[in-house]
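Subject: Structure handover

Hi there,

Here is the structure I promised to pass on to you. Please have a look at it first, and then read my notes underneath.

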Amino acid sequence: MTSKNRITRRDFIKLMGMGAGTLTLSACGLIPSASSAPTTARVLSTPFTPAPVSPSLVVDLTAGATTIRVFSGPETSVWRYQASVKEGSGESIQTLSGSYLGPIFRVRQGQQVRVRLKNELPDPTIVHWHGLRIPEDMDGHPRYAIAPGASYEYDFQVINRAGTYWFHPHPHQLTAPQVYYGLAGLFIVSDDEEAALGLPSGEYDIPLVIQDRAFDSQNQMVYLANGMMDQMIGFLGDTILVNGAPNANLDVKASVYRLRLLNGSNSRIYKLAWQDGTPLTVIATDGGLLEAPVTRDYITLAPGERVELWADFSKQTAGSEMRLVSLPFSGFSSGGMMGGGMMGNSSLPNGAPLNILSLKIGEKGADVTPLPSRLSTMERHRVDEAVNRNNPRSFALAMQNMIHTINNRVFEMDAVARDEIVQLGDLELWEFINREGGGGGMGMGMMNMELPHPMHIHGVQFQVIGRQIAKEYESAYQELSAGFVDDGWKDTVLVMPGEKVQVLVRFENYEGTFLYHCHNLEHEDAGMMRNYKIES
Ligand code: C2O
Ligand code: CU
Ligand code: CU
């Protein structure tokens, strides 16, 4: 690792307020971050491009157990990815030291990436590269899971456009706990189109991974304390962490930032906003830059989804504070008292108002580049080009016998149904329909849960072309629907109770068996996942 990289990392940690001395949990709210200590300003006035693009990158990635300091008092046992660069630029990997979160890959489109995964966990695991277009045996399907002590070799070319992708475990029925106990990291891709824009870079390009966790009095993570209810609704923690830090702070300069947000939570949905009502400027979604920036009063971000913000603090006075919050919404449930709404399974239900991140504005930073009015070129899919335009491939999301299903099915390791086979090269119209309600006919009104399902398709990026909400669900829907950003490439889309969402997806790169599933990780582990097969 080069010394330049160490500086980057140190600065990054400082920015995160995650230096060793700063993680004390104070009862009265936000923690002062380390920034009061004099810092060497590292202003990058010219665009940062990851150091000499080495054609290939070879990384050893180990998944194992360790302890870290999240709060004062006892350290927290976590699982963590640790990376070391064996070949290629040390700048290709950034570490969030002091955090359970895994490394951040920074790669260029076209690069060949080789990762040697070593499993030092007590359970099987495998890494899935969420959002990447790669061959099936590189994609982390659970059938490739490796035993404790074993290794797996990834070797793929990055063909995705610039964007904020991520990686996490995907072993059969163990994805949710492995992500929960800490295993996840970012995979950030850049390309020439993006580089030409001169977007904020270096210290002005900050990834923010938002998660919720529950801790016991000994600072240990607690998972599924409410048993089956947590599994049916999805796990909801009462502590919000950003990049692994509770009560997260970020010291920023009076300048423009690119904030890359990932909802890395198992099941919590955020309604993100600036606390003072300033609209958010969105420049990218799951699959990279939009054609042009859009603004939203709030952004609805479901598990697995990413959004990138253009955040201009240049007009703010030194010492002032901005807060990223999650606004209240009424939660989900049409059923009885045990639903997923405000009376759900957590002391902090989905829809509870939250503080996400406090940003303290400091001295003047790098010169402000204007927000480009045009960000990228997107090939727009057209519905009349879909091979099945008159006969969309439909996926009914429902709950049966307390298990969430897709077209009445649950996950089977190797099974692909006739209606789950597509042709390589085809553009298809897919629709996810969340209208079955729950538990009707079970004679158990209290189990009548209607829950949102963030649906994710492996191996592709798609375009959302339509949403329809059933009348009786409109009012709850309208509390979140203005926050959807459907303008760009997506790999995960939130399907609300009562909603039908239509997407256009082209299966253009590799044949093979891939997954589609709900990215509520408890739903996924319980079987709300299926294979689909791309045939040529
Ligand atoms: Cu991010 Cu199959 O998942
Ligand atoms: Cu994925
Ligand atoms: Cu779901």
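Below is what I found, beginning with the metal site and moving on to the strands.

Please keep in mind that this is a predicted model.

**The copper site**

The copper ion (ligand 3) has three residues as its protein donors: H453 through ND1, C518 through SG and H523 through ND1. These atoms lie 2.0 to 2.1 Å from the ion. Along the sequence, the donor residues follow the spacing H-x64-C-x4-H. H453 belongs to strand 28 (residues 453-457) and H523 to helix 6 (residues 521-525), so this pair ties together parts that are 70 residues apart in sequence. Both H453 and H523 are buried.

**T175 and its contacts**

Helix 2 (residues 175-180) is where you will find T175. Is T175 buried or exposed? Its relative accessible area is 1%, and because buried means under 20%, T175 counts as buried. Leaving out residues up to four places away in sequence, T175 touches H168, P169 and H170, and also L521, E524 and D525. Residues 521-525 make up helix 6, so those last three contacts of T175 are with the helix that also holds the copper donor H523.

**A four-stranded sheet**

One open sheet has four strands in the order 2-1-5-7, and its pairing is mixed. Strand 2 (76-87) and strand 7 (151-157) are at the edges; each has a single partner strand, so one side of each is left without a neighbour in the sheet. From one strand to the next, the twist averages 20°. Within this sheet, strand 5 (residues 112-120) and strand 7 run antiparallel and are joined by seven bridges. If you want a spot to zoom in on, K118 stands opposite S151 of strand 7.

**Strand 23 and its partners**

As general background, strands of a sheet pair through backbone hydrogen bonds, either parallel or antiparallel. Which senses of pairing does strand 23 show? With strand 13 (residues 249-254), strand 23 (residues 354-364) pairs in the parallel sense, over five bridges. With strand 20 (residues 321-326), strand 23 pairs in the antiparallel sense, over six bridges. To find these pairings on screen, look for L250, whose bridge partner in strand 23 is L359, and for V325, which stands opposite N355 in strand 23.

Happy browsing, and do write back with any questions.

Best wishes

Technical notes: Residues are numbered from 1 along each chain as its sequence is written. Chains are lettered from A and ligands numbered from 1 in the order in which they are written. This is a predicted model: local features need pLDDT of at least 70, side-chain atom pairs count only at pLDDT 80 or more; totals for chains, interfaces and linings use all residues. Side-chain values use heavy atoms; hydrogens and water are left out. Two strands pair if DSSP finds at least two bridges between them. Helices (H or I, at least four residues) and strands (E, at least two) are DSSP runs, numbered from the N terminus. Axes are lines fitted to C-alpha atoms, for helices over the stretch in contact, and angles run from 0 to 180 degrees between N-to-C directions. Donors are N, O and S atoms within 2.8 Å of the metal (3.2 Å for Na, K and Ca); water is not among the atoms, so sites may look incomplete. Buried means under 20% relative accessible area, exposed over 50%, partly exposed in between (1.4 Å probe, protein chains only). Contact means heavy atoms within 4.5 Å.
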